[in-house]
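Thanks for coming. I will go through one chain today, element by element, and I will define terms as they come up.

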Amino acid sequence: INSLAPYQRRVTNAVAAVNFDYRGLDTLGEEFILLASVCGLVLLLRGDRGEKAATPIDAPRDRKVVPRSEAIHWLGYGLIGLVNLFGFYVVLHGHLTPGGGFQGGAILGTASLLVYLAVNYRAYCKTAPKTLLEIAESVGAGAYILIGLGGIITGGAFLQNFLPLGQRGALFSGGTIMAVNCAVGLEVAAGFALLFREFLEETRTPREKEE
């Protein structure tokens with residue numbers, strides 16, 4: 001792989017060539033494990049949502065709300081842009097340097113928590129709306145399938161490259177490897193953000209949600 005990938009796939013990260021080309025079907029299975037996990041969690045936690053029932057016994061109404069310090073507030077604001085920028089860098093350069101869609105997507109997904117830590121729950125909900133996250137996760141997972149089908153449509157095999165390979169070491173190189181990498185990054189980022197959104201919503205009391 002180390003000898004052939006740079007010439008056959010025009011990438012400098014052999015791991016990316018394995019994950020998104022030579023063994024791309026295995027990676028597709030791994031991606032859908034995350035998709036199934038997120039869907040299962042969403043269904044589980046949304047079971048009694050929307051019902052006008054009495055206050056749950058375990059609702060944390062007596063929990064002391066500690067105000068955020070100025071240091072956390074401004075540090076969180078400063079890190080939001082940097083962490084997101086680093087996450088995009090890891091995703092886009094996954095075929096050139098160590099990293100990729102899974103790693104960069106995890107960074108982007110957890111970066112959304114900085115809004116909650118730096119501001120409050122309401123700002124986090126506005127920044128990461130559930131409908132948008134669900135659509136993004138579905139688009140990322142579906143794009144992987146569509147790219148794979150593109151190889152069949154062009155007369156090859158599933159996930160076979162059908163895009164220009166470009167020059168080795170360039171950002172736009174590797175053909176479908178970069179495209180699949182970005183699709184995985186979108187799916188993982190949206191999936192992680194949706195998981196955090198669901199977990200945080202479970203800690204809110206009815207009064208906090210209304211406010």
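Let me start with a question: is leucine 159 buried or exposed? Leucine 159 is buried, with a relative accessible area of 7%. Buried means under 20% relative accessible area, exposed means over 50%, and partly exposed lies in between, using a 1.4 Å probe and protein chains only.

Before I go on, a word on the source. This is a predicted model, in which local features need pLDDT of at least 70 and side-chain atom pairs count only at pLDDT 80 or more, while totals for chains, interfaces and linings use all residues. Residues are numbered from 1 along each chain as its sequence is written, and side-chain values use heavy atoms, with hydrogens and water left out.

Now the overview. The chain has 10 helices and 0 strands. Helices (H or I, at least four residues) and strands (E, at least two) are DSSP runs, numbered from the N terminus. There are 211 residues in the chain, and 39% of them count as buried. Take the contacts in the chain with a separation of 6 or more: 73% of them are between residues 24 or more positions apart. Contact here means heavy atoms within 4.5 Å.

Back to leucine 159. This residue sits in the loop between H8 and H9. Its phi is near 70 degrees, which is a positive value in a residue other than glycine. As background, most residues other than glycine have a negative phi. Arginine 10 is another such case, with a positive phi near 60 degrees. You will find arginine 10 in the loop between helix H1 (5-8) and H2. Arginine 10 counts as partly exposed, because its relative accessibility is 32%. Glycine 155, just after H8, also has a positive phi, of about 95 degrees.

Next, helix H8 itself, residues 130-153. Does its length fit, that is, what should 24 residues span at 1.5 Å a residue? They should span 34 Å, and the end C-alpha atoms of H8 are 34 Å apart, so the two agree. The expected span is 1.5 Å times one less than the number of residues. Buried residues in H8 include Leu133, Ala136, Glu137, Gly140 and Tyr144. Among the elements covering the buried residues of H8 are helix H2 (14-22), helix H3 (24-45) and H9.

Glutamate 137 deserves a look of its own. This residue is part of H8, and it counts as buried because its relative accessible area is 4%. Leaving out residues up to four places away in sequence, glutamate 137 touches Leu34, Leu35, Val38, Glu187, Ala190, Gly191 and Leu194.

From H8 we move to H2, where phenylalanine 20 lies. Phenylalanine 20 is buried, with a relative accessible area of 4%. Which residues is it in contact with, leaving aside neighbours within four places in sequence? The partners of phenylalanine 20 are Thr27, Gly101, Phe102, Tyr144, Ile177, Val180, Asn181 and Val184. Threonine 176 is 156 residues away from phenylalanine 20 along the chain, yet their C-alpha atoms are separated by 8.1 Å.

Now a pair of helices. The axes of helix H5 (residues 101-111) and helix H9 (residues 176-202) come within 7 Å and cross at roughly 35 degrees. Axes are lines fitted to C-alpha atoms, for helices over the stretch in contact, and angles run from 0 to 180 degrees between N-to-C directions. On the H5 side, the contact includes Gly101, Phe102 and Gly105, and on the H9 side, Asn181, Val184 and Gly185 are among the residues involved.

Helix H4 (residues 70-92) is next, with 23 residues. From first C-alpha to last it reaches 34 Å, close to the 33 Å expected at 1.5 Å a residue. H4 bends by about 30 degrees at leucine 79; the bend at a residue is the angle between axes fitted to the seven residues ending there and the seven starting there. Gly76, Ile80, Gly87, Val90 and Val91 of H4 are buried, and what covers them includes H5, helix H6 (113-118) and H9.

Last, tyrosine 116, which is in helix H6. Tyrosine 116 counts as buried, because its relative accessibility is 16%. Its C-alpha atom is separated by 9.3 Å from that of threonine 127, 11 residues apart along the chain.

That is the end of my part.
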